[in-house]
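Take a look at the chain shown here. This report walks through its sheets, its cores and its overall make-up.

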Amino acid sequence: MSRVHTPRSLALGCAAALCSAWLAACGSGEAEKAAPAPPQPAQAQAPKPYATPQPNLPPEAPADLPRGIVLALAQFVDQGGKSVPGPARLEFLYRQGGQWKTSALEDPESNVFHKAMVYEGPGGARLLTLGGTVAAVKAWTPEGGKLAATTLWQKEFGGKFSRMRDAEVADLYGDGGAAIAVATHDQGVVAVLRPQAGGSFEAVELDREPNTFVHEIEVGDLDGDGVPEVYATPSEPNRLDGTAQSGKVVRYVPSRGEGRAVVADLGDRHAKEILVDDLDGDGKDELYVSVEGTTGGADGKELALPVEIRVYRAGTPVTGGTRIATLRDRLSRFLTAGDVDGDGRKELVAAAFSSGIWLLRPTEDPNAEWTATLVDADSAGFEHAAILTDLDGDGRDELYVASDKHKELRRYVWVAGRLVRETIYRRPDARPIFTWNLMPVPVELIPKA
């Protein structure tokens with residue numbers, strides 16, 4: 001049996017990021033600038049199996065795009081010769097005048113942004129951010145080329161860490177309001193921010209459980225009754241040594257007052273990533289669960305159980321779930337769905353810790369594992385943030401991936417039957433950075449000054 005070893009530098013960096021007391025430092029926004037140009041491609045070679053990235057670049061994106069990508073980051077800065085957590089940081093990448101350009105903003109009140117996303121409410125589009133230590137949900141509005149923040153919810157949860165970890169927006173109560181479902185650390189709080197008259201929000205706690213990390217929130221409708229359900233991933237506190245860490249996937253139905261119901265019991269394993277989407281096209285969503293691998297052996301780095309991707313449907317037993325993919329890795333913390341080839345059917349992309357980017361497609365046999373194509377073995381990161389989205393509007397989703405190991409943001413486009421890679425941004429300095437999330441954002445919400 002082959003062995004998979006965790007890269008020591010990534011493991012140590014993650015341990016520092018997740019287990020140390022993060023300190024906030026002062027910071028400010030950065031002026032817009034052109035993204036550093038990637039190196040010229042090498043001479044074209046014959047294609048290799050399984051979509052290994054080719055030296056030829058994909059077709060150039062249009063000169064101007066109406067949307068860009070926002071990266072939610074944790075950064076480390078030098079303080080007296082020591083690397084310490086810096087202010088929470090967002091970086092924006094957008095295309096203008098035939099160039100990929102960047103801008104940024106920082107929030108010294110927190111030391112991590114776990115997510116940034118567009119929020120559409122009565123007052124128009126705003127940028128929603130989820131910060132940690134201080135735990136705050138903020139909405140940012142354009143003002144004079146910059147973004148000004150309004151705090152929607154700030155909370156100290158009473159444990160070792162207080163973080164707003166993930167969120168999704170949906171009409172959860174059937175009243176037309178854009179409610180925000182929020183996952184938090186480390187007291188197991190799952191909450192909904194329900195919009196009120198006058199623009200304020202009421203924080204409604206759906207759940208609370210001490211010493212529990214909730215990493216992920218998804219919203220969907222598995223039973224097809226038209227009532228949105230909230231799904232979350234509570235687990236025991238993080239362990240970075242690969243030992244057992246139990247967890248579940250649970251469901252809430254806020255409009256009916258239905259509290260926690262377990263939909264997937266993962267035993268002594270857990271999931272930090274789930275996706276709710278309708279990939280089989282039957283009009284009902286499915287729940288896709290990325291079950292973390294485990295390690296063991298004399299040095300604690302030998303892969304014992306690899307990552308499994310499982311699918312659950314309405315009525316699936318909590319100890320069931322159909323395995324659709326097995327990835328030789330111990331972590332896979334991003335699942336994203338979209339139509340990469342324009343055939344009208346969605347594919348699933350899994351971004352694994354060190355084994356790379358995988359394209360998953362169902363077979364004719366609904367009970368068989370899906371085909372798993374290795375898109376890029378030379379892409380890695382602890383979170384390994386990825387998103388499928390159609391920025392260029394050609395009807396096919398591009399794949400955007402933050403390869404933190406290489407300090408790059410990459411764009412993949414479907415060309416001649418495979419995804420072809422292009423590096424659109426290379427980080428210009430050696431600061432340790434963790435990219436926690438990527439999301440599309442309209443250029444109107446990107447600061448330019």
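## Strands β25 and β26

Strand β25 covers residues 347-352, and strand β26 covers residues 357-361. The two run antiparallel and are joined by four bridges. One pair to find is leucine 348 of the first strand and its opposite number in β26, leucine 360. Keep in mind that this is a predicted model.

These strands belong to an open sheet of four, in the order β24-β25-β26-β27. Its pairing is antiparallel. The edges are β24 (332-338) and β27 (371-376). Each has a single partner strand, so one side of each is left without a neighbour in the sheet. From one strand to the next, the twist averages 25°.

## Another four-stranded sheet

A further open sheet has the order β14-β15-β16-β17. It also has four strands and antiparallel pairing. Here β14 (213-220) and β17 (258-265) stand at the edges. Both have a single partner strand, so one side of each lacks a neighbour in the sheet. Ignoring direction, neighbouring strands of this sheet are turned by 25° against each other on average.

Look at β16, residues 248-253. Five bridges join β16 to β17, and the two run antiparallel. Valine 250 has valine 262 in β17 as its bridge partner.

## Strands β2 and β32

Strand β2 spans residues 67-79. It pairs with β32 in the antiparallel sense, over nine bridges. Within this pairing, glutamine 75 has isoleucine 433 of β32 as its bridge partner. Is β32, residues 433-442, mostly covered or mostly uncovered? It is mostly covered, with nine of its ten residues buried.

## Nonpolar cores

In soluble globular proteins, nonpolar side chains tend to be buried together. The largest nonpolar core in this model has 66 residues. Leu90, Phe92, Ile180 and Leu438 touch the most other members. Apart from this core lies another, of 17 residues. Its members include Leu275, Ile309, Trp358 and Leu360.

What does leucine 90 contact, leaving aside its neighbours within four places in sequence? Its contacts include Val70, Leu71, Ala72, Phe113 and Leu127. Ser103 and Thr129 are also among them.

## The whole chain

How many helices and strands does the protein chain have? There are one helix and 32 strands. The chain has 449 residues, and buried residues make up 54% of them.

Consider contacts with a separation of 6 or more. Residues 24 or more positions apart account for 53% of these. On the outside, the chain exposes about 18,100 Å². Carbon and sulfur atoms supply 50% of that area.

Note on methods: Residues numbered from 1 in each chain as written. Predicted model: local features only at pLDDT ≥ 70, side-chain atom pairs only at ≥ 80, totals over all residues. Heavy atoms only, no water. Buried < 20%, exposed > 50% of the residue type's maximum accessible area, 1.4 Å probe, protein only. Pairing = 2+ DSSP bridges. Contact = heavy atoms within 4.5 Å. Areas by Shrake-Rupley, 256 points an atom, 1.4 Å probe, with all protein chains shown as cover. Core = buried A, V, L, I, M, F, W, Y, C linked by side-chain atoms within 4.5 Å. Axes fitted to C-alpha atoms, helices over the stretch in contact; angles between N-to-C directions.
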